[in-house]
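Welcome, and thanks for taking a look at this one with us. Below is a short tour of strand pairing, local backbone geometry and a few side chains.

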Amino acid sequence: MNPQLARTTTRKSGVNPPPFAAHGFWRMLILLLAFGMFVVLLIGRLATLALFESTRAYGATSTEYVPERGDIVDRNGIPLARSIYGYAIWVKPEDILGDRKQLATQLAGIFPDTPALEFYAKLTAGKPGYLRKRALPEQVRQVHSLGEIAIEFPREATRLYPQHDMAAHVLGFVNRDGKGAMGMERVMNDYLRDPSKRAAPLNLALDVRVQAALESELASGMAATSAKGAAGVILDVQTGEVIAMATLPSFNPNRPSFANMPDDGQPIVDGRYPITRQTNNVTNRVYELGSTFKPLTVAAAMDAGTVRDLSVRYDATRPLQVGKFKIRDSHPSERWLNAPESLIHSSNIVTAQIADNLGAARMDAMLRAMHFNARPDIELAEKAMPLYPKKWDRLTNMTVGFGHGIAVTPLHLASGYAAMVNGGIYRPATMFKTKPGAKIPGKRVFTAATSARMRQMMRMIVKDGTGKNADALGYRVGGKTGSAEKPGIGGYSRNLVVATFAAAFPMDNPRYVVLTMLDEPKGTEASSFQRTAGYTAAPVVQKTVTRIGPLVGIIPDMKRDVDVSELMPLLWKAKGEQ
C-alpha cells in the first residue's frame, strides 16, 4: 500500500473510532441500576407487608382467607373445633350404570360402619343425595376407582373436632344446616359465623390438659365402681373460669346423632326430651346432692351468729323426731357432736338442728344469694331449672340443711363452694378465658372470717373424716362427701345413690374447686364394697388433683398445711386415741 495514501485517509477521518469495550460498560451500568431499583422496590414491599399488613391478614374486608366458621380453641390456643374443606360423596341414582346391589356391597366394604342395605336404599332412591357427608381422601380414591360415573366428590366446608369426644358437652356440634345445635357452638353461632369476627379464634377457659385428666379419672372411677355415669367440673375460685367440665358417657361431635334432637334445633332439656349421651349432666340435670350441702349450712349459721362457739355440742344420741318424720344418721355416732365434728362425721341430725336454729328465711336467703333458685350462671344454653322448695316449713328447712328436699346442678354446688373458700365472694361461672388482671364482678355472700374458718374445717374433713380418700399428698385438699339416695316411685331407693365429692385445693390458699360425681356406683372390690362417696367419688378427686396440680402450676409441698391446731382440741377422741 502507498504510504502517502494511508496518511491521507487518516487525516480525513479526524479521530480514531471509540473502542467497543466502552459501549459494553455503559450498557452494563444501566442494567445494574435497573436491577438495583427493582430490588429496592421488592424489599420495600416486603417490609410493608411485614410491618403493616401481617396483623390483618385474616381480618381484611375480603373473606377469601377467612374460614366458613370461626375456630374454637382452649385457653392455651389448642384447637377444639375448626372448619376445613373436606370430601363428600354424592350420588345421582338415575345416572347409575352398574349393578346397584354390587355397588352397595363394594361401598360397605370401603365404609364398614355403614351396612350395604343402607347404601342400597340411597342408590335406589328417587332423588340425588349424599352417600357420605364426610370421607377421607383414601376412601374417596377407593370409591373413585369403582368407576361409577353417577358418583361425585364435591369439596364442602365441614366442622372438625380434633380432640374427638373431649369436652363434647361443652363444645356441642353443628347441625345439618351448619348451625350450632348445642353447647358453645349454639351459644356463639352468630359470632362464629360473623365474617368480621370469625378470623380470630374463640378462646375458652378450658385447658385441654386438665380436661383430659378429669375425663380419664372419671372414666376410671366409673369403670371401677360399675357406675351408670359420671360428671365433673373444675373451677377457678377467683375468676369462675371453667377449666374443665365433663359428662360420661360422652359422644363424638364429629358424628353426632340427631335422633333425639328436636326439629327446631333447641337443646335437649331434662324433662322435655329424652336423656341421652348429649345431655350435659353438669349444667342440665339436677340432683339431690346430699351431705355436700352441710358446709354451706354451717357457713350460713356462722355468718348469722347462730353458731358462735364451735365447741357447743348437739344431741346426736338418737334420731331426731320432727312431726311424723325421723331424721337419722347413716353412721350414727350416738353421742353429742359439735359443728366441726358434725362435718367430719357427716351428721344429718346435728346439721338439721343447726339449720333449724338458722331458720328458713336465712337459709333461703343464703341459697338465693348464690342463685340456687335459678338456672346455673354459665353461658351454655343447656341449663336445668333447680327443684327449689316452694314452701319453707320447718321440716323442709332442716332437710335442705343436709342436702335433701332441693335438687340443683353440680355447677350450682361448685360455684357455691368457690364462694365459700375464696374469701366469701360469689362469682358466676364462665366458659370464656378472662384477661390477666381483669376485674371480675362478684358479690359477698359469706364473711372473710367465715370463709377462713370453713377452709379449716373442710381440710379437717379430708384429714380426719369421711374424705380421707381424697387426700392428695402435698396439695392440702379440703372437701365434703355426699351420698344421696335417688328418689323414685314411692320414695327414695336405698340401693341407688348419687355419690359426690366437692373439694378445693390448696386449702391454705384455694385456687381450684374440683367436683366429681358418680351416678349409681356399685360396691366393688375397688371401693371396698362401699357405694358411698368417701369410697367412690373421693378417690377420683385425689387422682385428679395429683395429675392436674403440676399442670396448673401448683407444686406439692409436704411441709405445708392448713393450721387447724386451734380446732383439734374440739374433736372428741376415744380413750387411748392420740
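## Strand 2 and its partners

Let us begin with a short pairing: strand 2 and strand 4 (residues 151–152) are antiparallel and share 2 bridges. Strands here are DSSP runs of E with at least two residues, helices are runs of H or I with at least four residues, and both are numbered from the N terminus. Two strands count as paired if DSSP finds at least two bridges between them. This is a predicted model, in which local features need pLDDT of at least 70 and side-chain atom pairs count only at pLDDT 80 or more, while totals for chains, interfaces and linings use all residues. Residues are numbered from 1 along each chain as its sequence is written, and side-chain values use heavy atoms, with hydrogens and water left out.

V91 of strand 2 has I151 as its bridge partner in strand 4, and G129 as its bridge partner in strand 3. Strand 3 (residues 129–135) runs antiparallel to strand 2, with 4 bridges joining them. Strand 5 (residues 155–160) is also antiparallel to strand 2, here through 6 bridges; R82 is partnered with L160 in that strand. Finally, 2 bridges link strand 2 (residues 79–91) with strand 1 (residues 72–73), again antiparallel, and V73 is matched with P79. Strands 1 and 2 make a hairpin with 5 residues between them, and G77 in its turn has a positive phi of about 90°.

## Backbone geometry to check

Most residues other than glycine have a negative phi, and most peptide bonds are trans. Two residues that are not glycine have a positive phi here: E334, at about 55°, and E520, at about 60°. E334 sits in the loop between strand 11 (325–327) and strand 12 (336–338), and it counts as exposed because its relative accessible area is 58%. E520 lies in the loop between strand 17 and helix 17 (537–548); at 14% relative accessible area, E520 is buried. The cut-offs are under 20% relative accessible area for buried and over 50% for exposed, with partly exposed in between (1.4 Å probe, protein chains only).

You can also look for cis peptide bonds. One runs from L248 to P249, with omega near 0°, and P249 belongs to the loop between strand 8 (242–248) and helix 10 (294–304). Another joins F505 to P506, with omega about -20°; P506 is in the loop between strand 16 (491–505) and strand 17 (512–519).

## Helix 16 and T409

Helix 16 (residues 448–464) has 17 residues and spans 24 Å from first C-alpha to last, close to the 24 Å expected at 1.5 Å a residue. That expected span is 1.5 Å times one less than the number of residues. Among the buried residues of helix 16 are M454, R455, R459 and I461.

T409 is in the loop between helix 14 (394–401) and helix 15 (410–421), and it counts as buried because its relative accessibility is 0%. The T409 side chain makes a polar contact with the H412 side chain at 2.8 Å. A polar contact is a pair of N or O atoms within 3.5 Å; within protein, one must be able to donate a hydrogen and the other to accept it, and residues adjacent in sequence count only if both atoms are side-chain atoms.
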